[in-house]
Amino acid sequence: MSELQEQTAVRTTYFSIVGNALLALLKWLAGFFGNSYALIADAIESTADIFSSFLVLLGLKYAQRPADDNHPYGHGRVEPLITFIVVGFLIVSATIIAYESIENIGTPHDLPKPWTLIVLGGIIVWKEISYRIVMKKSKETNSSSLRADAWHHRSDAITSVAAFIGISIALLLGKGYENADDYAALFAAGFILYNCYHIFRPALGEIMDENVYDEVIDNIRQEALKVDGIKATEKCFVRKSGAKYHVDLHAIVDSEITVREGHELAHKLKDHLVAHIPDLGHVMIHIEPNECLWESN
């Protein structure tokens, strides 16, 4: 991640922290005074989002530390680890919301106040806008933890939609349907858990060096053939660490060239790839004689 990308990611995380703090306060107050547990459940998630955004911020800063003797590939792997912790926050939030919803379903309580719908309408619009902003920045910076933070905003918007529907049903149908608000909160908890999987799965693939970067590999192969002396490419392995892609590439060259020429060609190829493909980190080039190409055919 370049310095500009790092600044973009950090600014985006501060945006999430401030937004979540303001919305959490608004939801707690509106839920308490408006007799809406769905809003209080929403506030619980937003409160957890504040802490998870702080973790994302710390992870982004740590991931930018330069490589050292103990971490020759850099510190980028901290990002998926932070994502796991963020998912943990979401699971805890969903569990608390579900437990309290079930408790409240069997407890008589007043109908929610009609004005809570106005509050929720504004929250839904803002959280969807926040999701789009943070997701856009996550793509620009290639950050998995920012992507998880973006999904926090989307899940928050969905829980707010569920709360809006639950409160609307309770208000429209009147006495006897007060717990529609609580069922909405229970649905929101289930949706949060569903989103947890979609946030967790890509981060797990990153930790496990899963081969899911076909587009990057195709780009590497195409760029490699633009270098004079590279006849073809054979094996190409890509793994992601933070915002960087680390590459192991087998390049096929004329078998008649000298070791020195092969060495120089490998450096030329590496320099070309780093210059023309954004976000490449460590690039290892293995030179193969073109007899390997004939044997493989």
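## Starting inside helix H2

Ser 52 sits in helix H2. This is a predicted model, so everything here is computed from it. Is Ser 52 buried or exposed? Its relative accessibility is 0%, and since anything under 20% is classed as buried, Ser 52 counts as buried. If you jump along the chain to Ala 251, you cover 199 residues, and the two C-alpha atoms end up 43 Å apart.

Ala 43 belongs to helix H2 as well, and it too counts as buried, again at 0% relative accessibility. Its C-alpha atom is separated by 7.4 Å from that of Leu 25, with the two positions 18 residues apart along the chain.

## How H2 meets H3

Helix H2 covers residues 37–63 and helix H3 covers residues 78–105; their axes come within 9 Å and cross at roughly 170 degrees. Angles over 145 degrees count as roughly antiparallel, and H2 and H3 are therefore roughly antiparallel to each other. As for what lines that contact, the tally by class is 18 nonpolar, five polar and four charged residues.

## The nonpolar core

Which residues touch the most other members of the largest nonpolar core? They are Tyr 37, Ile 97, Ala 185 and Ile 192, out of 24 residues in that core. Helices H1 (3–33), H2, H3, H4, H5 (144–173) and H6 (180–207) each put in at least two residues. H2 makes the largest contribution, with six residues.

## What the UniProt record adds

The unreviewed UniProt entry lists residues 12–30, 36–60, 81–102, 114–134, 155–177 and 183–200 under "transmembrane region". Two of those spans are worth a look in the model. For residues 36–60, the end C-alpha atoms lie 36 Å apart, and the span is 96% helix with 0% strand. For residues 114–134, the end-to-end C-alpha distance is 31 Å, with 90% helix and 0% strand.

## Salt bridges

How many salt bridges turn up in a search of the whole structure? The search finds four. In general terms, side chains of opposite charge can pair when their charged atoms come close.

Start with helix H4 (residues 116–141), which holds both Arg 132 and Glu 128, four residues apart, or about one turn of the helix. Their side chains form a salt bridge with an N to O distance of 3.2 Å. Arg 132 is exposed, at 55% relative accessible area, just past the 50% line. This pair isn't on its own: Glu 128, Arg 132 and Arg 154 are linked in a network of salt bridges.

Further along the chain, Glu 223 and Lys 226 pair up through their side chains at 3.1 Å, N to O. The partners fall into opposite classes: Glu 223 counts as buried at 9% relative accessibility, whereas Lys 226 is exposed at 53%.

Glu 234 and Lys 235 form another salt bridge, and here the closest N and O atoms are 4.0 Å apart. A salt bridge needs the nitrogen within 4 Å of the oxygen, so this distance is worth keeping in mind if you apply your own cut-off. Glu 234 is partly exposed at 25% relative accessibility, and Lys 235 is partly exposed at 37%.

Notes
Residues are numbered from 1 along each chain as its sequence is written. This is a predicted model: local features need pLDDT of at least 70, side-chain atom pairs count only at pLDDT 80 or more; totals for chains, interfaces and linings use all residues. Side-chain values use heavy atoms; hydrogens and water are left out. Buried means under 20% relative accessible area, exposed over 50%, partly exposed in between (1.4 Å probe, protein chains only). UniProt positions are given in the numbering used here, feature names are shortened, and annotations may be inferred rather than shown by experiment. Axes are lines fitted to C-alpha atoms, for helices over the stretch in contact, and angles run from 0 to 180 degrees between N-to-C directions. Angles under 35 degrees count as roughly parallel, over 145 as roughly antiparallel, 65 to 115 as roughly perpendicular and the rest as oblique. Ala, Val, Leu, Ile, Met, Phe, Trp, Tyr, Cys and Pro count as nonpolar, Asp, Glu, Lys and Arg as charged, and the others, Gly among them, as polar. A nonpolar core is a set of buried Ala, Val, Leu, Ile, Met, Phe, Trp, Tyr and Cys residues joined through side-chain atoms within 4.5 Å.
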